[in-house]
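Dear colleague,

Please find below the structure that I am passing on to you. I would be grateful if you read the notes after it with the model open.

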Amino acid sequence: MTRSDDHPAPEPARLAERAGLADPVDPGGRADLAVVGAGPAGLAAAVTAADLGLRTVLLDAAPRPGGQFYRRPAPGLGARRPEALHHGWSAFANLALRLGRHTASGSVEHLAEHHVWSVRAVDGGWLLHALVGPEGGAAATVHAAAVLFATGAHERQLPFPGWTLPGVVGAGGAQAMLKAGLVLPGRRVVVAGSGPLLLAVAASLAEAGARVPLVAEAAGYGAYARGARTLAANPAKLAEGAGYGARLLRHRVPVRSRSAVVAAHGRERVEAVTVARLDRDWRPLPGSERRIACDAVATGYGLLPQLELPAELGCRTRTLPDGSPALEVDAEQRTSVAGVWAAGETTGVGGAALALAEGELAARSVAARLRGAHEAPSTQAALSASAALSVQAGPPAQAAPPAPAGPSVQAGPSLQAGLADAGHAADRVMVRRVRRLRAFADLMAAVHRPAVGWTGWLTDDTEICRCEEVTAAQVAEAVTELGAGDARTVKLLTRAGMGWCQGRMCGPAVARLAGADADPVGNRPLSCPVPLGLLARDGQ
Amino acid sequence: MSRDPFDLVRARPEPGFTFDFDGAPVPALPGQTVAAALWASGRMSWRSTRVGGRPRGAFCGMGVCFDCLVVLDGRPNTRACLAPATPGAQATTQQGDGHDALR
């Protein structure tokens, strides 16, 4: 495929300056900050950065900003009450308004339908390569002094017999299709898996007219009691949970914890599921099975950050209590690589409120650091919060291993004054808010961590890898008879994880079946399929 | 209580259109993806897998899983959950990797 003319770029004039991989970038046209992802974190970061005077480019794969969380019906659908499908809509409305002002004035360039597939250090900054248009037929590059990853998350799936039947869809997928297209996967939808998203999805489906005969949550909600102090510190989060509970009650949606869909039945599409009770380790309890008729299943076992781009740059990761990987960041959202910030689900799945706070905090840090890089700071007055209030379990990120071309953004303590100058009190408030919400996210992750017993509902012919159609028996053979001790070896022996989705769907299951107790980071040199023609030109 | 998603958000869609799926007209509204229009018409599968020949449709709904691949206007391996439905478009069930015609 070559660059085609049938996908006009959203902003042809600006794009013309940037397009053309053989002749990449006019250094003088460099932006201060490139934000990758226009969900809650990316939006908050972009408008905050622009408020602080940074020339900001916001790149996003979707046609309209909002990310998965704030997905909304296309304008042609004429939704007069889109907020009916959303929690926290006013925050988005406010950000969208500010983004509109900034794009109109030119302080933010919003590049919609730009899917960033590679970021590399060049000329003391970062060069971002993007595919343009829904099918990625054209290319664009953006050069920026700093980059901020707000690339969000996708759903973690655990396979069960029949999960490849049409009508079995991701819980997040059902939510996304409903929010954007105003469609339902069926009339009678069983919601199953683990994590708070299930309640939000079930409430939305019921309010949109679907019957939800059951929400099956694999974890026990009682585990939240272990985090009483964290709960008490997050009344808004408690109220959010209670709100979902009330909405489900209103629609008579039963929620059953320590339960799972252990099989889906049907020929051409799902017609029923078997639900079983689980023990503490998620082992199905024999004799507890019951069959529920349905024409759709919405399933998901939590969310996993999309880390391909920062992982490729060498940003350090840590493992959350649920086994998911996340970028290690310091108290001002800096990753371990100088010049690279991260916010939102990339630093650990924690929801929109946390993402908004982190996005704003990250942008303030970028502004302070970039300013500091040009004006010698007069004081070492550190953001003492940086170490003391470290919001992460791991050690605070140290000065980075130098990237090949050496970004000009400095990361050392000599710039600690920067953030303080930008508004010391406000920053401390932000840091505290992030820490409080992060503690809640860690509690949720601990409660909903997939336990080992889930493999008890697999059968030999359960497909583990949807793309390559690799069964549980094939994976088990690779592990037990051929000695594969990790997901990569299983992949080489069985092709599980080698297909179109690059292991995003089966990776968590394959890793666990191969003996791991955590999700793979997902190192992928390219974050999405890229036409060979574009790669060839990039190499010239 | 809402009867359907349009009722829930008080939608007043612009005039709809049809596109062609495996020879049958499928109604769609402006801004809906191919996958959304197919769901609305009760169709949940539009791909037959390479190995087992099993039916598949949209799964992740956000362009990540590639289960919803469809042949759209002659282009195989198009993600139906991302591709907007357009008036008069031709969509067909994708058989295997979608390149049978080239063999």
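The notes below cover the nonpolar core, one helix and one sheet.

This is a predicted model, in which local features need pLDDT of at least 70 and side-chain atom pairs count only at pLDDT 80 or more, while totals for chains, interfaces and linings use all residues. Residues are numbered from 1 along each chain as its sequence is written, and chains are lettered from A and ligands numbered from 1 in the order in which they are written.

The largest nonpolar core (buried Ala, Val, Leu, Ile, Met, Phe, Trp, Tyr and Cys residues joined through C-beta atoms within 7 Å) has 210 residues, and A:Ala202 is among those that touch the most other members. Helix α9 (residues 352-374) of chain A, a DSSP run of H or I of at least four residues, gives the largest share of this core, 13 residues.

Helix α7 (residues 235-250) of chain A has 16 residues and should span 22 Å at 1.5 Å a residue (taken times one less than the number of residues); its end C-alpha atoms are 22 Å apart, which agrees. In α7(A), A:Lys237, A:Tyr244 and A:Leu248 are buried, that is, 20 or more other C-beta atoms, placed from the backbone, lie within 10 Å of their own. These buried residues fall within an arc of 35° (of the directions from the helix axis to the C-beta atoms), so they line one face of the helix.

Three strands (DSSP runs of E, at least two residues) form an open antiparallel sheet in the order β12-β13-β14 of chain A, where pairing requires at least two DSSP bridges. The edge strands are β12 (259-266) and β14 (290-293).

Yours sincerely

How values were computed:
A residue is buried if 20 or more other C-beta atoms lie within 10 Å of its own, exposed if 12 or fewer, and partly exposed in between; C-beta atoms are placed from the backbone.
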